[in-house]
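The following exercises concern strand pairing and burial. Please work through each task before reading its solution.

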Amino acid sequence: MEPKKSIDRDPSAARIPFSDTPQDTVLPAVKKVDTPPDPSAKKPPKKAVIEIKNLYKNFGIVRGEVKVLRDINFTIHEGEFLLILGPSGSGKSTLLNAILGLELPSAGNIVINGKDITKMTPDERATFRLKNVGIIFQKPDWIKSLSVIENVAFPLAAAESTPQDQFTGAKKHLESVGMLGHADFRPYQLSAGQQELVEFARAMVLDPHMIIADEPTGNLDSDSANKVMEMFQALNEKQGATIIMVTHNIGHVKYASRTIYLKDGKILDGSSAYTAADLEELEATPVI
Ligand SMILES: Nc1ncnc2c1ncn2[C@@H]1O[C@H](COP(=O)(O)OP(=O)(O)OP(=O)(O)O)[C@@H](O)[C@H]1O
Ligand SMILES: [Mg+2]
């Protein structure tokens, strides 16, 4: 299958070339009429929040190195819900870690809100993450000595909220995912699916305008997964949060505004028009 073309085509490409219009042809004057605004007309493009340019990531291994990301280029606009699909080992988590500034790229740039994350100090990157991003990791990074509610409150504590606000904020978000009854467990005493729900609560506790989530529903049953996806969708549509999510579930395409497909460290194509059948075919497309 030919990968679908990007929706951001140059509109001028569809114009009739000048040479097709004979020099002496007089074109009828176009009468200007005041038409009401077309509600279906494309809205002006939103601000670019993340620009990824010529991104490469290699890792040194016992002998030699492995090329994990190979010339990744794409832009994420404010308010997008971007889904990243691709087989295991294709580099999805590595890409998210690079966007978060947790893994520095081997080459290329990641510009977030006009600032190149690859040029920030480790402290600046940590502050950037705390202030801007709700993060859901593929492998949760719990503070093992803290209870569930203390883990959820932790970003509020790091942001210097009062102890009362930490408690009420954490309680509210645990309640929203149905996990308040487990507030006094330690995170590793929960099932993998329960931990995902608590991770969701922790990621939302500072009301982030950007959410980066790595397989946030991988351990949930389909009903719970759909509920979590609906919460992401509401955050995106009602609060305008920009969401970047990795998933293996092709059924999640319907929640996103755009899907990109990563294979062997390369993006095959970016489009809003993928169907589940297209994605199944992409799985079989060799990477050049
Ligand atoms: N620190 C590392 N050192 C060496 N190789 C690494 C390192 N981190 C990742 N890799 C390699 O990079 C490749 C991509 O890994 P990554 O975790 O990004 O895949 P993924 O697409 O997220 O897979 P999955 O769907 O299974 O989570 C893998 O082959 C992995 O072995
Ligand atoms: Mg991964």
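Two strands count as paired if DSSP finds at least two bridges between them. Strands (E, at least two residues) and helices (H or I, at least four) are DSSP runs numbered from the N terminus. The model is predicted: local features require pLDDT of at least 70 and side-chain atom pairs pLDDT 80 or more, while totals for chains, interfaces and linings use all residues. Residues are numbered from 1 along each chain as its sequence is written, and chains are lettered from A and ligands numbered from 1 in the order in which they are written.

**Exercise 1.** Determine how β1 and β2 pair, and place them in their sheet.

*Solution.* Step 1: β1 (residues 48–60) pairs with β2 in the antiparallel sense over 9 bridges. Step 2: within this pairing, Asn-58 has Lys-67 of β2 as its bridge partner. Step 3: the open sheet of 4 strands is ordered β2-β1-β4-β5, with antiparallel pairing. Step 4: its edge strands, each pairing on one side only, are β2 (65–77) and β5 (115–116).

**Exercise 2.** Identify the pairing of β7 with β8 and the connection between them.

*Solution.* Step 1: β7 (residues 210–214) and β8 run parallel over 5 bridges. Step 2: Ile-212 lies opposite Ile-244 in β8. Step 3: the chain passes from β7 through helix α6 (residues 222–239) to β8 in a right-handed β-α-β crossover (clockwise from the first strand over the helix to the second, with the strands pointing away from the viewer).

**Exercise 3.** Is β8 mostly covered or uncovered?

*Solution.* Step 1: a residue is buried if 20 or more other C-beta atoms lie within 10 Å of its own, exposed if 12 or fewer, and partly exposed in between, with C-beta atoms placed from the backbone. Step 2: in β8 (residues 242–246), 5 of its 5 residues are buried, and the strand is mostly covered. Step 3: Thr-242, Ile-244 and Val-246 point one way, and Ile-243 and Met-245 the other.
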